[in-house]
Amino acid sequence: MKIAFVGYGKMGHMMEQCALKDGHEVAATIDVFSKDASVIVPAGDSAAVARAVKSSGAEGIIEFTHPTAVMDNIKALLPLGLPIVVGTTGWNDKEAEVAKLAADCGGTIMTSANFSIGVNMFYKIVEEAAALMSTLSEYDVAIWEAHHIQKADSPSGTALEIARRVMEKTPYKTEIVTDAFHSRPEKNQLHVSSTRCGTIPGTHTVFFDSLADTIEITHTARNREGFASGAVKSLAKLSEALKTGKLTKGHLYKWSDLW
Ligand SMILES: NC(=O)c1ccc[n+]([C@@H]2O[C@H](COP(=O)([O-])OP(=O)(O)OC[C@H]3O[C@@H](n4cnc5c(N)ncnc54)[C@H](O)[C@@H]3O)[C@@H](O)[C@H]2O)c1
């Protein structure tokens with residue numbers, strides 16, 4: 001299929017390579033700064049982004065930009081009616097608003113805080129572990145993540161997704177705390193901490209800790225290819241699912257709806 005990439009940074013470049021490898025065509029690469037993008041739009045002009053996508057003849061869109069730009073881009077792109085995959089993080093608190101927008105204009109969007117197939121397997125492993133460990137009152141649980149210093153949001157969307165899944169299986173954890181503690185944590189608080197350092201592509205660890213021992217489950221991304229390939233394959237899968245009627249337009253879909 002012909003794909004328009006909105007955001008031609010580290011992920012945009014890598015996804016372009018993955019798309020070509022999978023036999024897709026690149027309709028446009030759209031960015032506000034990146035000199036080698038096929039279209040440069042003024043910063044903050046999401047209408048120009050939508051016009052560029054429309055005139056490129058794209059059959060699908062992949063958006064990996066910046067947490068400050070993503071909502072405007074989604075609002076401008078949804079009415080085009082093309083399947084959209086959004087990988088930009090930092091807007092998960094606006095998902096209900098986006099789902100309503102999609103329903104209102106008949107647009108289709110799929111998002112995941114993490115497009116790596118390995119991470120999505122990791123989610124399932126963590127869910128199983130949390131369900132098992134929550135039956136043992138001597139174990140506490142916490143989450144830690146580390147990323148490169150270019151990352152704009154913290155904690156990572158992936159860490160928050162892990163926290164959501166841990167809390168679902170651990171009923172006594174009812175509150176996520178992402179700041180430093182200045183007093184003893186309460187039992188109901190789930191600590192999600194972040195480190196930003198160098199060029200780390202992304203590491204997530206879940207700790208289950210008792211007096212006797214610690215169990216650590218870690219996913220370590222080696223590079224960005226896992227995310228890039230997962231995003232391109234997700235757009236192809238979304239487009240196919242809309243064609244076959246497995247999924248319908250006008251919705252916000254998540255990884256588990258598609259895979
Ligand atoms: N969901 C996932 O699996 C996943 C994986 C990796 C990164 N991410 C997220 O994707 C986003 C981008 O990551 P990256 O590593 O490519 O960042 P990056 O900084 O290398 O690239 C982002 C690009 O977007 C461009 N941009 C910013 N605002 C724009 C706008 N309004 N219109 C068009 N282009 C715009 C920037 O100029 C830049 O070239 C971040 O939010 C990151 O956290 C998600």
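In the predicted model, D153 touches P67, T89, G90 and R196 when residues up to four places away in sequence are not counted. The residue is placed in the loop between β7 (140–147) and α6 (157–169), and D153 is buried, its relative accessible area of 12% falling under the 20% that marks a buried residue. Two polar contacts of the D153 side chain can be described: one is made with the side chain of T89, at 3.0 Å, and another, also of 3.0 Å, joins the side chain of D153 to that of K151.

K151, the partner of D153 in this side-chain polar contact, likewise has its place in the loop between β7 and α6. With a relative accessible area of 18%, K151 is buried, and, once neighbours within four places in sequence are left aside, K151 is in contact with T89, S156 and R196. T89 and R196 therefore appear among the residues touched by D153 as well as among those in contact with K151, when 4.5 Å between heavy atoms is taken as the limit for contact. The loop between β7 and α6 also holds P155, and the peptide bond that joins S154 and P155 is cis, with omega at about 0 degrees. In general, most peptide bonds are trans.

T89 also belongs to the surroundings of the ligand, where K10, M11, D31, T89 and F115 come nearest of the 23 residues around it. By class, this shell is made up of eleven nonpolar, nine polar and three charged residues, and the elements that each supply at least two of the shell residues include α1 (10–21) and β2 (25–31). Backbone atoms of the protein approach the ligand at several points: an oxygen atom of the ligand lies 2.9 Å from a polar backbone atom of M11, a nitrogen atom of the ligand is 3.1 Å from a polar backbone atom of S112, and a backbone N or O atom of F115 is found 2.7 Å from an oxygen atom of the ligand. The ligand taken alone exposes 860 Å², of which the protein buries 83%.

At the level of the whole chain, the secondary structure comprises eight helices and twelve strands. The radius of gyration is 19 Å, close to the 18 Å that the globule rule gives for 259 residues, so the chain is as compact as a globular protein of that length. Along the principal axes, the C-alpha atoms fill a box of roughly 60 × 40 × 30 Å. Of the 259 residues, 47% count as buried, while the chain exposes about 12600 Å², with carbon and sulfur atoms supplying 54% of that area. Among contacts between residues at least 6 apart in sequence, 65% join residues at least 24 apart.

Helix α3 (residues 70–77) offers an example of a mostly covered element, since six of its eight residues are buried; these are V70, M71, N73, I74, A76 and L77. The cover over the buried residues of α3 includes the helices α2 (46–56) and α4 (95–105), together with the strands β1 (2–6), β4 (60–63), β5 (83–86) and β6 (108–111). 

A further buried position is V126, located in helix α5 (residues 117–133), for which the relative accessible area is 1%. V126 is in contact with I162, V166 and V206, its neighbours within four places in sequence being left aside. Of these partners, V166 is 40 residues from V126 in sequence, and the two C-alpha atoms are 7.2 Å apart in space.

G198, by contrast with V126, is partly exposed, having a relative accessible area of 37%, and this glycine is found in the loop between β9 (189–196) and β10 (203–209). Beyond its neighbours within four places in sequence, G198 is in contact with H148 and I149. The C-alpha atoms of G198 and H148 are separated by 5.0 Å, although the two residues stand 50 residues apart along the chain.

Note on methods:
Residues numbered from 1 in each chain as written. Predicted model: local features only at pLDDT ≥ 70, side-chain atom pairs only at ≥ 80, totals over all residues. Heavy atoms only, no water. Near = heavy atom within 4 Å. Polar contact = N/O pair within 3.5 Å; in protein donor to acceptor, adjacent residues only side chain to side chain. Areas by Shrake-Rupley, 256 points an atom, 1.4 Å probe, with all protein chains shown as cover. Helix = DSSP H or I, 4+ residues; strand = E, 2+ residues; numbered from the N terminus. Nonpolar A, V, L, I, M, F, W, Y, C, P; charged D, E, K, R; others polar. Rg over C-alpha atoms; globule rule 2.2 N^0.38 Å. Buried < 20%, exposed > 50% of the residue type's maximum accessible area, 1.4 Å probe, protein only.
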